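Colleague: I want to test the labels on this model. Take me through the reasoning behind each one.

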Amino acid sequence: MNKFVKFGLPVLTLALLGAGWWLGLAWAPPDREMGEVQRIMYVHVPLQWMAMLAMFINFVAAVTYLMRQSWKTDAMAEASAEIGLLFGTLGMITGSIWGRPTWGVYWSWDPRLTSEAILLVSYTGYLVLRRFVEDPEKRAVWSAVVAIIGAINLPIVWFSVRWWRSLHQVQSSPKTVDPQMVLPLRVSAFGMLALLILFMVHRYRIALAERQAEVALPEALPSDDPALRANHSSKVA
Amino acid sequence: MTPVNRNRLIALGALLFAGAGLGFIAFGNIGDNLVYYWSPSELLSNGDKAYTATIRLGGVVQPGSIQWNEGHTTLDFRVADGPDANAKSVHVRSLETPPQMFREKIGVVVEGTYDKAGIFTSNRLMVNHSNEYRAPKEGEEPRKWQDTLAEGATTATVTPPGAP
Amino acid sequence: MTSLTSLMLLAQVGSGRLQGGWGYVGACYGISVAAFVLYSVSLWARRPRTAADSKE
C-alpha cells in the first residue's frame with residue numbers, strides 16, 4: 001500500500017491527467033460556438049467536481065468524529081477541507097477566465113457564482129478556526145460543527161442553477177455533450193480524482209502526525225518513555 | 001454527560017440546524033426575493049417599479065432585431081421571452097461591443113436602466129451559454145471559418161447583419 | 001495585436017462564434033498546474049519529520 005502511494009499513485013495521476021488533458025487539448029474537436037475556449041471544460045469541471053467531493057468527505061469526517069471521537073477522522077476533516085478549498089478556488093479561477101470570452105464578464109453575482117463564493121469563504125473560515133483554537137479536542141469539536149453547517153453550501157451550489165435564474169448554465173449530461181468531448185472529460189476527471197487521493201493521503205499524514213504530537217506533548221515532558229507515550233496517544237485515538 | 005454523548009448531541013444539533021437551513025433555502029420561496037434577472041414580460045408588467053434603478057433583464061435575442069448604427073458604436077436589439085416571433089420583448093440599446101458569441105436567438109442578460117420611452121439602456125451585455133457542447137457540423141470547421149472571416153473581416157463589417 | 005483587432009472586428013459582427021482564445025485556455029491550465037506544483041511543494045515541506053511509518 002505504501003509503495004503504491006509513493007510511486008504508483010503519482011504515476012497514475014500524471015498518466016490519467018496527462019492523457020485526459022492531451023485528449024481535451026489536442027484530440028477533441030472545438031465547440032461549435034465556443035471554439036477552442038470550450039477546452040477549459042476539461043480542467044474547470046473536474047476541479048469543481050473534486051472540490052465538491054473533498055468537501056463532502058469533510059462533512060462525513062466531521063459527523064464521524066462527533067459520533068466516535070478519533071484523531072484519524074479529525075485529520076481527515078482537516079485534509080479534505082484544505083484540498084477542497086484549493087480545488088474549489090482553482091475551479092472558480094478557471095471558471096472566471098472561461099466566463100470572460102463566453103459571457104463577456106469575469107464575474108457576475110449570479111446565484112451559482114455567489115453561492116460558490118460563500119462556499120469558499122465558509123471553508124476558509126473553517127481552516128482559520130482550526131488555526132486559532134489551541135486545544136486539539138475543542139478544535140476538533142468546534143470545527144466539526146462548522147463543517148456540518150458549512151456543508152449545506154454543497155447542495156445549494158449544486159442546485160443553484162436549477163432553483164434560481166442564473167447566468168451559469170445548468171449541468172450538462174452526456175446527452176448534451178458530444179461523445180468526443182465526454183471521453184476527455186471522463187479521463188481528466190479520473191485523473192483529478194487520483195490527484196485528490198494523492199494530496200489527501202499526504203495531507204492526512206501531516207495532520208495526523210501533528211495531532212499525535214500535540215496530544216503527546218504534556219506527557220512527553222515528565223516521562224520520556226516512548227512506550228507510555230504510544231500508549232497514551234492510542235488511548236485518546 | 002460523557003464527552004461522547006455530548007459530542008453526539010452536538011452532531012445531532014448541527015445536522016438538524018443544517019437540514020433546517022437547507023430546507024428553508026430550497027423550499028422557502030427565497031427565489032422570489034432573489035431574482036438575478038427579470039424576463040421581458042415581468043419588466044413590462046412591473047411598470048413604474050422598473051424605471052427606478054439599475055436592473056437586469058434576461059431573455060433571448062429576438063431574430064431579425066439586431067441593428068448596428070453607422071459607425072458600429074451603438075447596438076440595438078430586442079430581448080424576448082422566448083425564441084418565437086410573437087414573444088413579448090423589450091428594446092435594448094447597448095454602447096459596448098458584445099461578446100463574440102452574441103447572435104440572434106442566444107440567451108442574454110443585460111444590466112442597465114429602463115426608461116419611459118421603452119428603451120433599456122444596457123451598460124453590461126452578457127451572453128448566456130446553454131449546457132450543450134457540440135463538435136462543429138460537417139462543413140463548418142471553425143478554424144477554416146476563422147480564416148475566411150479574418151480575410152474578409154473588413155467587408156463583413158460593411159454589411160450589418162440582421163437588419164429587419 | 002493583429003489578432004486582437006481582428007477579434008474585435010469579428011465581435012462587432014456578432015458572429016455568434018468564438019474565435020481563437022487559446023490564451024484563456026493556456027491561462028486556465030497553467031494556473032492549475034502551477035498551483036498543483038506549489039501545493040505539492042508545500043506538502044513536501046510540511047511532511048512529518050519523525051518517521052511516520054512507525055506510528056501507523
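Colleague: What makes you split chain B into domain 1 and domain 2?

Modeller: The domain assignment does that, with domain 1 at 3–32 and domain 2 at 35–132 of chain B. The bounds come from an automatic or database assignment. Keep in mind that this is a predicted model. Taken over C-alpha atoms, the centres of domain 1 and domain 2 of chain B are separated by 40 Å.

Colleague: What elements does chain B contain, and in what order?

Modeller: Chain B has four helices and six strands. From the N terminus the order is α-α-β-β-β-β-β-β-α-α.

Colleague: Why is F120(B) called buried?

Modeller: The cut-off is 20 or more other C-beta atoms within 10 Å. F120(B) has 22 such neighbours, so F120(B) counts as buried. F120(B) is found in strand β6 of chain B.

Colleague: Which residues does F120(B) contact beyond four places in sequence?

Modeller: Those contacts are L57(B), V90(B), H91(B), V92(B), V110(B), G112(B) and Y114(B). A contact needs C-beta atoms within 7 Å. As for Y51(B), its C-alpha atom is 9.6 Å from that of F120(B), with their positions 69 residues apart in sequence.

Colleague: How do you know that β4(B) and β6(B) pair?

Modeller: Pairing takes at least two bridges found by DSSP. β4(B) and β6(B) are joined by four, so they pair. They run parallel. One bridge partner is already familiar: V92(B) is matched with F120(B) in β6(B).

Colleague: What about β3(B) and β4(B)?

Modeller: Six bridges join strand β3 (residues 75–80) to strand β4 (residues 89–94) of chain B. Set against at least two, that makes them a pair, so the label holds. These strands run antiparallel. D76(B) stands opposite R93(B) in β4(B).

Colleague: Why is K105(B) called exposed?

Modeller: Exposed means 12 or fewer C-beta neighbours within 10 Å. K105(B) has 12, so K105(B) counts as exposed. K105(B) lies in the loop between β4 and β5 (107–114) of chain B.

Colleague: What is the sign of phi at K105(B)?

Modeller: Positive, at about 70°, although K105(B) is not a glycine. Most residues other than glycine have a negative phi.

Colleague: How much of chain B passes the buried test?

Modeller: Buried residues make up 30% of its 164 residues. On contacts, take pairs in chain B at least 6 apart in sequence: 47% of those join residues at least 24 apart.

Colleague: What does chain B use to touch chain A?

Modeller: The contact takes 39 residues from chain B and 41 residues from chain A. On the chain B side, α1 and β6 (119–128) are the elements that give two or more residues. α1(B) gives the most, with 13 residues. By class, that side has 25 nonpolar, nine polar and five charged residues.

Colleague: Which residues of helix α6(A) are buried, and what do they pack against?

Modeller: In α6 (residues 153–163) of chain A, the buried residues are N153(A), L154(A), I156(A), V157(A) and S160(A). They pack against α2 (41–67), α4 (111–132) and α5 (136–150) of chain A, together with α1 (3–27) of chain B.

Colleague: What makes a residue part of a nonpolar core?

Modeller: The residue must be buried, of a listed nonpolar type, and joined to the set through C-beta atoms within 7 Å. The largest core here has 97 residues. I40(A), A62(A), A144(A), A147(A), I148(A) and V79(B) touch the most other members. Not counting residues up to four places away, A62(A) touches A77(A), A144(A), A147(A) and I148(A).

Colleague: Which element of chain A gives the most to the side that touches chain C?

Modeller: There, 29 residues of chain A are in contact with 24 residues of chain C. α3(A) gives the most to the chain A side, with nine residues. That side divides into 16 nonpolar, seven polar and six charged residues.

Colleague: How do you know that "transmembrane region" applies to residues 50–67 of chain A?

Modeller: The label comes from an unreviewed UniProt entry, which also covers 79–99, 111–129, 141–161 and 181–201 of chain A. Such annotations may be inferred rather than shown by experiment. In the model, residues 50–67 of chain A are 100% helix, with end C-alpha atoms 25 Å apart. Residues 141–161 of chain A are 90% helix, with ends 33 Å apart.

Methods. Residues numbered from 1 in each chain as written. Chains lettered and ligands numbered in written order. Predicted model: local features only at pLDDT ≥ 70, side-chain atom pairs only at ≥ 80, totals over all residues. Contact = placed C-beta atoms within 7 Å. Nonpolar A, V, L, I, M, F, W, Y, C, P; charged D, E, K, R; others polar.
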